[in-house]
Amino acid sequence: LAAIIQGAGIVECDVTFTKDKELVCRHAQCDLHTTTDIVTRPEMNTKCTTPWAPGIAPKCCTSDFTLEELKTLCAKMDASIADA
């Protein structure tokens, strides 16, 4: 939305699917562990493709969760980009 308001000539939306087969716009299918608070929430972390645990790199995908579950997450700065 911000891109449109600022006059972008084109807006790209990558589409992926949820566990309950809903379509959502996401830049990447499996970056929830770096872009949301998902691994800090035990009930959500356990549903990840690879849950976070000490010494284990997590992998949390959009398709691991229902749309309703995704709506409860809080976005955060992408932790995989140190300079962000």
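Visitor: What makes C48 and C60 a disulfide?

Guide: In this predicted model, the sulfur atoms of C48 and C60 are 2.1 Å apart. A disulfide requires cysteine sulfur atoms within 2.5 Å, so the pair C48 and C60, at 2.1 Å, is called a disulfide.

Visitor: Where in the chain do C48 and C60 lie?

Guide: Both C48 and C60 are in the loop between α3 and α4, twelve residues apart.

Visitor: Why is the disulfide of C48 and C60 called right-handed or left-handed?

Guide: The torsion about its S-S bond is about 95°, so the disulfide of C48 and C60 is right-handed.

Visitor: What surrounds C48?

Guide: Leaving aside residues up to four places away in sequence, C48 touches I38, K59, C60, D64 and F65. C48 and C60 are both buried. They also belong to the largest nonpolar core, which has eight residues, including L32, M44 and L70.

Visitor: How many disulfides are there in the whole structure?

Guide: The search finds three. Another one joins C30 to C61, with the sulfurs 2.0 Å apart. C30 lies in the loop between β2 and α2 (32–35) and C61 in the loop between α3 (42–45) and α4 (67–70), so this disulfide ties together parts 31 residues apart in sequence. Its S-S torsion is about 105°, so it is right-handed.

Visitor: Why is C61 called buried or exposed?

Guide: The relative accessible area of C61 is 4%. Buried means under 20%, so C61 is buried. Its partner C30 has 25%, and therefore counts as partly exposed.

Visitor: What about C13 and C25?

Guide: C13 and C25 form a disulfide with sulfur atoms 1.9 Å apart. C13 is in the loop between α1 (2–5) and β1 (15–17), and C25 is in strand β2 (residues 23–25), so the bond ties together parts twelve residues apart in sequence. The torsion of about -130° makes this disulfide left-handed.

Visitor: Why is C25 called buried or exposed?

Guide: C25 has a relative accessible area of 54%. The cut-off for exposed is over 50%, so C25 is exposed. C13, at 38%, is partly exposed.

Visitor: How do you know whether C74 is bonded to C60?

Guide: The closest cysteine sulfur to that of C74 is in C60, 15 Å away, which is too far for a bond. C74 is partly exposed, with a relative accessible area of 46%.

Visitor: What pattern do the disulfides follow?

Guide: Counting bonded cysteines along the chain, the pattern is 1-2, 3-6, 4-5.

Note on methods
Residues numbered from 1 in each chain as written. Predicted model: local features only at pLDDT ≥ 70, side-chain atom pairs only at ≥ 80, totals over all residues. Heavy atoms only, no water. Core = buried A, V, L, I, M, F, W, Y, C linked by side-chain atoms within 4.5 Å. Buried < 20%, exposed > 50% of the residue type's maximum accessible area, 1.4 Å probe, protein only. Contact = heavy atoms within 4.5 Å. Helix = DSSP H or I, 4+ residues; strand = E, 2+ residues; numbered from the N terminus.
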